[in-house]
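Me: I have a fold open in the viewer and would like to talk it through with you. Could you take me through the helices and what lies between them?

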Amino acid sequence: MHGSRKNLSTSDTRILRTLLGRYAARYHLTGPEKDDLIERTFQALASNPEIFLEIPVEKAAAETMHRLFSGG
């Protein structure tokens with residue numbers, strides 16, 4: 001990434017994935033379905049890091065995951 005976009009550090013990535021794993025549990029998914037939801041949510045958040053300047057990380061993660069889950 002270039003310009004004002006910043007790559008997530010290894011620590012940030014680990015923390016975000018742990019958070020997403022906890023949030024994914026509410027959808028009662030397991031195995032590949034759960035992993036896919038976590039990965040799609042992570043990619044959506046990582047591709048739009050500006051969202052973290054607008055709302056708290058927890059809210060951004062929960063809203064993004066819910067939108068992806070609900071959308072299929």
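Reply: Gladly, and one definition helps before the helices: the expected span of a helix is 1.5 Å times one less than its number of residues. Please keep in mind that this is a predicted model. Helix α4, residues 57–70, has 14 residues and reaches 20 Å from its first C-alpha to its last, close to the 20 Å expected.

Me: Which residues of α4 are buried?

Reply: Ala-60, Ala-61, Thr-64, Met-65 and Leu-68 are buried in α4. Seen down the axis of α4, these buried residues fall within an arc of 120°, so they line one face of the helix. On the other side of α4, Arg-67 and Ser-70 are exposed.

Me: Why would residues three or four places apart point the same way?

Reply: An α-helix has 3.6 residues a turn, so residues with that spacing point the same way.

Me: What covers the buried residues of α4?

Reply: The cover includes α1 (10–24), α2 (31–46) and α3 (51–54).

Me: Let me step back, then. How many helices and strands are there in the protein?

Reply: The protein has four helices and zero strands, and from the N terminus on its elements run α-α-α-α.

Me: And what about the overall dimensions?

Reply: The C-alpha atoms fill a box of roughly 40 × 20 × 20 Å, taken along the principal axes. A compact globule of 72 residues would have a radius of gyration near 11 Å, and the protein has 12 Å, which agrees. Its accessible surface comes to about 4,900 Å², of which 55% belongs to carbon and sulfur atoms, while buried residues make up 29% of the 72 residues.

Me: What share of the contacts between residues at least 6 apart in sequence join residues at least 24 apart?

Reply: Among those contacts, 61% join residues at least 24 apart.

Me: Back to the helices. How does α2 look?

Reply: α2 has 16 residues and reaches 22 Å from its first C-alpha to its last, close to the 22 Å expected at 1.5 Å a residue. Its buried residues are Leu-37, Ile-38, Thr-41, Phe-42, Leu-45 and Ala-46. They cover an arc of only 155° around the axis, which puts them on the same side of α2. The face turned away from that buried side carries the exposed residues Pro-32 and Glu-33, and what covers the buried residues of α2 includes α1, α3 and α4.

Me: And α1?

Reply: The 15 residues of α1 should span 21 Å at 1.5 Å a residue, and its end C-alpha atoms are 21 Å apart, which agrees. Buried in α1 are Leu-16, Leu-19, Leu-20, Gly-21, Tyr-23 and Ala-24, and the buried residues of this helix pack against α2 and α4.

Me: Which residues have the most contacts inside the largest nonpolar core?

Reply: That core has 17 residues, and those with the most contacts inside it are Leu-16, Leu-20, Leu-37, Leu-45, Ala-61 and Met-65. α1, α2 and α4 each supply at least two residues of this core. In soluble globular proteins, nonpolar side chains tend to be buried together.

Me: What does Leu-20 touch?

Reply: Leaving out residues up to four places away in sequence, Leu-20 touches Ile-38, Thr-41, Phe-42, Leu-45, Ala-61 and Met-65.

Me: Thr-64 caught my eye. Is Thr-64 buried or exposed?

Reply: Thr-64, which is found in helix α4, has a relative accessible area of 5% and is therefore buried, the cut-off being under 20%. Not counting residues up to four places away in sequence, Thr-64 touches Thr-41, Ala-44 and Leu-45.

Me: And which residues does Ala-60 touch, setting aside those up to four places away in sequence?

Reply: Ala-60 touches Leu-45, Ile-51, Phe-52 and Ile-55 on that basis. Ala-60 is buried, with a relative accessible area of 0%. Ala-60 and Thr-41 are 19 residues apart in sequence and 9.9 Å apart in space, C-alpha to C-alpha.

Me: One last residue: where is Asp-12 found?

Reply: Asp-12 is found in helix α1, and at 34% relative accessibility Asp-12 counts as partly exposed. Asp-12 and Arg-67 are 55 residues apart in sequence and 22 Å apart in space, C-alpha to C-alpha.

Methods: Residues numbered from 1 in each chain as written. Predicted model: local features only at pLDDT ≥ 70, side-chain atom pairs only at ≥ 80, totals over all residues. Heavy atoms only, no water. Buried < 20%, exposed > 50% of the residue type's maximum accessible area, 1.4 Å probe, protein only. Arc of directions from axis to C-beta. Contact = heavy atoms within 4.5 Å. Rg over C-alpha atoms; globule rule 2.2 N^0.38 Å. Areas by Shrake-Rupley, 256 points an atom, 1.4 Å probe, with all protein chains shown as cover. Core = buried A, V, L, I, M, F, W, Y, C linked by side-chain atoms within 4.5 Å.
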